[in-house]
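Biologist: Could you bring up the model, please, and then take me through the cysteines?

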Amino acid sequence: MFRQNISNHFRPLLMLVVGLIIGFSFSQQLRNTNCGFRLGFLRGSFSAREEEYDSHALTLLPAEEDELLTRTYTNTADNSTLAAQLYNETRVLCWVLTSPANHAKKAIHVKKTWGKRCNRLLFMSSEANEELGSVKLPVKEGRGNLWNKTREAMKYIYDNHFDEADWFIKADDDTYVIVENLRAFLYPYDSKAPVYFGCKFKKFVRQGYMSGGAGYVLSKEAVRRFMVDAYPNDKICRKRSGGSEDKEMGICLQNVGVVAGDSRDELKRGRFFPTGPQGHIIPKNKSVWYWHYIFYKTDDGLDCCSDYAISFHYIQPSYMYVLDYLIYSLRPFGIFKQIEALPAKRNMTDLLEKWRTEESDNPL
């Protein structure tokens with residue numbers, strides 16, 4: 001099973017990676033005086049806006065330059081046996097919520113980085129795009145239509161790709177996912193159980209619901225219940241436009257008996273995050289919205305995040321390539337990770353009952 005403490009040998013590697021991430025984030029924020037986020041997390045502001053990414057947008061590059069950004073990062077010293085095993089045993093379909101305006105600005109960079117590690121990758125939009133391979137859904141664009149788009153994306157997946165995966169993760173086009181860590185986390189759980197995971201929030205839904213930006217992952221049974229029982233019934237699942245996509249999904253799933261699970265690691269550190277790494281590693285004012293929404297008590301600093309974190313939100317397109325390099329290529333000489341083993345399978349009956357009845361340990 002996974003070790004519960006960072007080994008003395010692994011701590012320098014973690015500190016190095018964290019330092020590079022923070023340094024890169026600061027340099028990008030300081031270089032761009034129009035950045036909406038700027039150094040807001042130091043002032044207590046935890047909001048992020050669409051325009052903050054405009055200066056970091058990457059358009060499609062000439063073939064010779066594009067190849068430099070899309071090369072496969074590998075290290076000859078790596079032993080990927082477990083990752084390869086999980087690729088076949090824990091199949092993950094990744095679907096990304098995007099729009100025509102973001103096909104070339106954001107979504108294509110998901111395809112060229114973490115998206116290629118999914119068993120199946122789908123982009124959901126209102127227009128088809130040959131380069132991206134996006135699915136044209138019968139919806140309008142705009143924030144008020146995000147829930148309709150999510151509903152129709154789930155229907156498309158259920159009708160066309162349901163048998164191709166065991167787990168189904170939804171992400172935004174500015175979410176970065178470490179897919180190997182996702183598979184390792186999901187491995188102990190039975191995809192036939194009605195459960196879903198993510199960054200658990202506590203408002204609006206009795207059992208809690210998962211942040212949309214951080215990404216949430218549904219079991220095969222959760223997808224089936226959503227489509228068979230929730231999707232056609234407007235008394236338990238909203239059909240009209242409007243509403244927050246993640247909150248509405250949480251309500252629908254709760255109403256059909258899908259349990260909001262706990263995705264924290266053995267040390268109670270989160271795995272799914274609604275902002276970038278710097279937004280959690282750097283301490284932030286306790287008055288910001290995050291502390292009023294998070295279901296479980298959590299810490300700032302290096303204790304915020306699992307060593308096997310799964311997702312981060314609000315990642316600029318250029319930063320996705322930086323994360324790919326930091327995670328899959330960068331090595332400190334002479335320091336090696338501990339030997340890893342797959343976690344034991346879990347008793348889903350007991351877990352579902354525990355999660356179904358738990359209350360938030362982070363009071364308002």
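Modeller: What follows goes through the disulfides one by one and then turns to burial.

Modeller: Before that, a word on the basis: this is a predicted model, in which local features need pLDDT of at least 70 and side-chain atom pairs count only at pLDDT 80 or more, while totals for chains, interfaces and linings use all residues. Residues are numbered from 1 along each chain as its sequence is written, and side-chain values use heavy atoms, with hydrogens and water left out.

Biologist: Fine, so how many disulfides does the count come to?

Modeller: The count comes to three disulfides, where a disulfide is taken as a pair of cysteine sulfur atoms within 2.5 Å.

Biologist: And what is the pairing, if you number the bonded cysteines in sequence order?

Modeller: Numbered that way along the protein chain, the bonded cysteines pair as 1-2, 3-4, 5-6.

Biologist: Start with Cys94 and Cys118, then: how far apart are their sulfur atoms?

Modeller: The sulfur atoms of Cys94 and Cys118 lie 2.0 Å apart in their disulfide. This pair links distant parts of the chain, 24 residues apart, with Cys94 in strand S1 (residues 92-97) and Cys118 in the loop between helix H5 (103-112) and strand S2 (120-125). Helices (H or I, at least four residues) and strands (E, at least two) are DSSP runs, numbered from the N terminus.

Biologist: Is that disulfide left-handed or right-handed, and why?

Modeller: It is left-handed, because the torsion about the S-S bond of Cys94 and Cys118 is about -95°.

Biologist: What about the link of Cys237 and Cys252, left-handed or right-handed?

Modeller: The link of Cys237 and Cys252 is right-handed, with 90° about the S-S bond. It also links distant parts of the chain, since Cys237 sits in the loop between helix H8 (220-230) and helix H9 (245-255), and Cys252 in helix H9, 15 residues apart. Their sulfur atoms are 2.1 Å apart.

Biologist: Which residue does Cys304 join?

Modeller: Cys304 is joined by a disulfide to Cys305, at 2.2 Å from S to S, and with -85° about the S-S bond this link is left-handed.

Biologist: Changing topic, why does Cys94 count as buried?

Modeller: Cys94 counts as buried because its relative accessibility is 0%; buried means under 20% relative accessible area, exposed over 50%, and partly exposed in between, with a 1.4 Å probe and protein chains only. Its partner Cys118 is buried at 5%.

Biologist: And Cys305, buried or exposed?

Modeller: Cys305 is buried, with a relative accessible area of 11%, and Cys304 is buried at 2%. Both Cys237 and Cys252 are buried, and Cys199 counts as buried at 4% relative accessibility.
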